[in-house]
Amino acid sequence: MKIRAVFALLFALFLFPAAVGGAAGLPDAEMSLGGIRLGDTMQEVEEIYGEGERVADGVDEWGGTTVHIFANDYGDSLRVSYRDEDGVHRVISVHLGVNDVNEYNLQPSEEARMIETPSGIHLDSTLEDLEAAYGYIPKPKCGHTAPPVCGYFYDSEDAEIAFYICREHSPGIRSIWLHEKLM
């Protein structure tokens with residue numbers, strides 16, 4: 001009887017990560033990229049990266065509500081998007097690197113390669129690095145391009161962070177995208 005209970009417990013522990021579904025859970029403390037957290041103000045980001053170059057300014061639907069959205073580039077391959085909340089610009093998304101397979105010839109600067117998550121994941125990190133940092137690799141979601149770009153998605157209660165790899169052009173991560181979950 002005891003042996004059955006032990007096997008049942010082990011079986012449940014091995015299946016738990018597979019039962020979680022599409023995205024794999026991480027603690028909220030891991031939902032940061034280059035020192036930027038969702039909800040930070042534009043001023044807080046500028047204290048780290050300086051004044052960004054505005055590349056987008058408009059109205060969009062976000063979470064079922066029409067809001068004013070801004071996007072700024074902060075140096076090579078780092079884009080931060082903000083939502084206007086009563087005159088305060090708050091971070092809703094941080095993107096580092098290149099997603100498009102057709103831009104395989106673009107190389108981020110050394111400064112961009114040094115931007116990382118709290119667990120040390122950065123551009124050029126590998127799947128082995130992801131597994132070492134987070135304990136497992138979620139099932140990839142791959143695009144319909146040739147060659148495909150595959151995303152590995154981890155989430156917390158309010159955020160998601162995705163790591164994109166195109167194995168034909170680089171063995172490591174080509175881009176990282178941290179963003180709010182839409183309710």
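Biologist: How many residues does the largest nonpolar core have, and which of them have the most contacts inside it?

Modeller: This is a predicted model. The largest nonpolar core has 31 residues, and V80, L130 and F163 are those with the most contacts inside it. At least two residues of this core come from each of α2 (42-49), β6 (78-85), β7 (88-97), α4, β9, β10 and β11. β10 gives the most, with four residues.

Biologist: What makes a set of residues count as a nonpolar core?

Modeller: The members must be buried, belong to a fixed list of residue types that includes Val, Phe, Tyr and Cys, and be joined through side-chain atoms within 4.5 Å. By that rule another core, of five residues, lies apart from the largest one, and among its members are V149, F153, Y164 and C166.

Biologist: Which residues does V80 contact, leaving aside its neighbours within four places in sequence?

Modeller: V80 is in contact with I36, V45, F70, A71, N72, Y74, V91, S93 and V94.

Biologist: Why is strand β10 called mostly covered?

Modeller: A residue is buried when its relative accessible area is under 20%. In β10, which spans residues 159-165, seven of seven residues are buried. A159, I161, F163 and I165 point one way, E160, A162 and Y164 point the other way, and all are buried. As a general rule, side chains in a regular strand alternate between the two faces of the sheet.

Biologist: How do you know that β10 pairs with β9, and in which sense?

Modeller: Pairing requires at least two bridges between the strands. Strand β9 (residues 150-155) and β10 have six bridges and pair in the antiparallel sense. One of the partnerships joins Y154 to I161 in β10. The two strands form a hairpin, with three residues between them.

Biologist: How many bridges join β10 to β11, and which residue stands opposite E160?

Modeller: Seven bridges join β10 to β11 (residues 173-180), and the two strands run antiparallel. E160 stands opposite H179, and I161 stands opposite L178. β11 also pairs with β7 in the antiparallel sense, over five bridges, and G97 stands opposite S175 in β11.

Biologist: Why is β11 described as largely enclosed?

Modeller: Seven of its eight residues are buried, so β11 is largely enclosed by the rest of the structure.

Biologist: How many aromatic pairs are counted, and why is the pair of Y134 and Y154 called tilted?

Modeller: The count comes to six aromatic pairs. The ring centres of Y134 and Y154 are 4.8 Å apart, and their planes stand at 55 degrees, so the pair is tilted. The cut-offs behind this conclusion are centres within 6.5 Å for a pair, planes under 30 degrees for stacked and over 60 for edge-to-face, with the rest tilted. Y134 lies in helix α4 (residues 127-134) and Y154 in strand β9, so the pair ties together parts that are 20 residues apart in sequence. Y134 and Y154 are both buried. Ring pairs link Y134, Y136, Y154 and F163 into a cluster.

Biologist: What makes K141 a charge over a ring?

Modeller: K141 lies over the face of F153, at 4.9 Å from the ring centre. The distance limit for such a placement is within 6 Å.

Biologist: How do you know that C142 and C150 form a disulfide?

Modeller: Their sulfur atoms are 2.0 Å apart, and the rule asks for a pair within 2.5 Å. A search of the whole structure finds one disulfide. With 105 degrees about the S-S bond, the link is right-handed. At 13% relative accessibility, C150 counts as buried, whereas C142, at 38%, counts as partly exposed.

Biologist: Where is the cysteine sulfur nearest to C166, and is C166 buried or exposed?

Modeller: The nearest cysteine sulfur, that of C150, is 8.0 Å away, and C166 is in no disulfide. C166 has a relative accessible area of 0% and is buried.

Biologist: Why is D60 called partly exposed?

Modeller: Partly exposed lies between the limits of 20% and 50%, and D60 has 43% relative accessibility, so it counts as partly exposed. D60 is found in strand β4 (residues 53-62). Not counting residues up to four places away in sequence, D60 touches T65, T66, V67 and I69. D60 and R83 are 23 residues apart in sequence, and 9.6 Å apart in space, C-alpha to C-alpha.

Notes
Residues numbered from 1 in each chain as written. Predicted model: local features only at pLDDT ≥ 70, side-chain atom pairs only at ≥ 80, totals over all residues. Heavy atoms only, no water. Buried < 20%, exposed > 50% of the residue type's maximum accessible area, 1.4 Å probe, protein only. Lys NZ or Arg CZ within 6 Å of the ring centre and 35° of its normal. Contact = heavy atoms within 4.5 Å.
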